[in-house]
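The following exchange takes up the terms applied to one protein and asks on what grounds each is used. Please consult the sequence and the structure while reading.

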Amino acid sequence: MSLFRLCEWLANTSGSIALHESRYVFLVVLTVHVLTLAVFAGTAVMIDLRLLGVAMMRVPASEVIGRLLPWSGAGLLVMMTSGALLFYAAPLARYENVFFRMKMAALALALLNVWLFQRTVYRRVGEWDADAVPPGAVRVAGGLSLLLWAFIITTGRMMAYQDYWFN
Ligand code: HEM
């Protein structure tokens with residue numbers, strides 16, 4: 001079954017139609033998606049700025065990550081769940097939205113970057129934990145993360161402008 005056929009099937013399910021036609025539920029889900037951004041992006045950005053060696057430089061990196069990661073992790077979970085519901089409300093429109101596709105590709109790269117960071121340089125955090133400016137590989141991970149989340153937020157906002165830009 002092609003991705004298009006799958007989205008077509010999803011769009012005809014009663015749940016998708018109910019969410020799409022709901023007076024308030026869709027708005028509540030969208031509001032949760034936008035408000036959770038404050039917690040998710042706010043804490044993720046502060047972690048990345050510490051990894052870049054430009055913020056909280058006198059605080060050990062592991063302490064910053066230890067205190068903020070639970071918040072950004074919980075925020076990411078809420079973003080993914082509310083985002084999946086927003087997708088489910090109009091699967092075909094999202095599938096055909098170029099900004100949505102760019103956002104999903106960037107999201108996959110951002111999650112890969114986090115996974116690689118935790119599997120490689122963060123395992124040796126004891127070697128650079130107190131450094132005000134961490135080693136190059138750590139700063140690259142932090143900088144890439146910052147760029148990818150900024151791109152994801154921008155393409156998320158641009159989704160509403162697909163017709164304006166391309167039709
Ligand atoms: C951390 C990850 C995510 C971030 C930072 C993010 C960010 C955003 C932002 C800033 C908007 C624009 C909201 C507005 O101004 O109206 C948005 C909209 C949207 N997001 Fe996400 N998002 C994330 C994950 C997801 C996921 C995983 C999905 C789907 C699987 C998704 C689906 C959507 C949809 C469908 C909209 C458009 C809603 C509408 O206007 O009708 N998002 N997102």
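Q: What makes up the protein, in helices and strands?
A: The protein has nine helices and zero strands, where helices (H or I, at least four residues) and strands (E, at least two) are DSSP runs numbered from the N terminus. From the N terminus on, the elements therefore read α-α-α-α-α-α-α-α-α. This is a predicted model, in which local features need pLDDT of at least 70 and side-chain atom pairs count only at pLDDT 80 or more, while totals for chains, interfaces and linings use all residues. Residues are numbered from 1 along each chain as its sequence is written, and side-chain values use heavy atoms, with hydrogens and water left out.

Q: What box do the C-alpha atoms of the protein fill?
A: Taken along the principal axes, the box is roughly 55 × 30 × 30 Å.

Q: Why is L10 called buried or exposed?
A: L10 has a relative accessible area of 18%. Buried means under 20% relative accessible area, exposed over 50%, and partly exposed in between (1.4 Å probe, protein chains only), so L10 is buried. The residue belongs to helix α1. Its C-alpha is 41 Å from that of L51, and the two residues are 41 apart in sequence. Of the 167 residues in the protein, 34% are buried.

Q: What makes R5 and E8 a salt bridge?
A: A salt bridge is a side-chain nitrogen of Lys or Arg within 4 Å of a carboxyl oxygen of Asp or Glu. The closest N and O atoms of R5 and E8 are 2.6 Å apart, so the pair qualifies. Side chains of opposite charge can pair when their charged atoms come close. Both residues lie in helix α1 (residues 3-11), three residues apart, which is about one turn of the helix. R5, at 47% relative accessible area, is partly exposed, and E8, at 28%, is partly exposed as well.

Q: How many salt bridges does the structure hold?
A: The structure holds three. One of them joins R67 and E63, with N to O at 3.4 Å; these residues are four apart in helix α4, about one turn of the helix. Another joins E127 and R124 at 3.9 Å, N to O, and this value is within the limit, so the pair counts.

Q: Why are R67 and E63 placed in separate classes, exposed and partly exposed?
A: R67 has a relative accessible area of 61% and is therefore exposed, whereas E63, at 36%, is partly exposed. In the other pair, E127 is exposed at 59% and R124 is partly exposed at 42%.

Q: How do you know that the side chain of Q162 has a polar contact with the backbone oxygen of E96?
A: A polar contact is a pair of N or O atoms within 3.5 Å; within protein, one must be able to donate a hydrogen and the other to accept it, and residues adjacent in sequence count only if both atoms are side-chain atoms. The side chain of Q162 reaches the backbone oxygen of E96 at 2.9 Å, so the distance meets the limit. Q162 is in helix α9 (residues 162-166), and its relative accessibility of 15% makes Q162 buried.

Q: What is notable about phi of M56?
A: Phi of M56 is near 50 degrees, a positive value in a residue other than glycine. Most residues other than glycine have a negative phi. M56 lies in the loop between α3 and α4, and at 34% relative accessible area M56 is partly exposed.

Q: Which residues come nearest to the ligand?
A: Of the 24 residues around the ligand, H33, G83, R94, K103 and R157 come nearest; a residue is near a molecule if one of its heavy atoms lies within 4 Å of it. A nitrogen atom of the ligand is 2.9 Å from an N or O atom in the side chain of H33, and a nitrogen atom of the ligand is 2.5 Å from one in the side chain of K103. For R94, an oxygen atom of the ligand is 3.3 Å from a side-chain N or O atom.

Q: Which helix gives the most to the shell around the ligand?
A: Helix α4 gives the most, with seven residues. Helices α3 (25-51), α4 (61-89), α6 (98-119) and α8 (136-158) each supply at least two residues.
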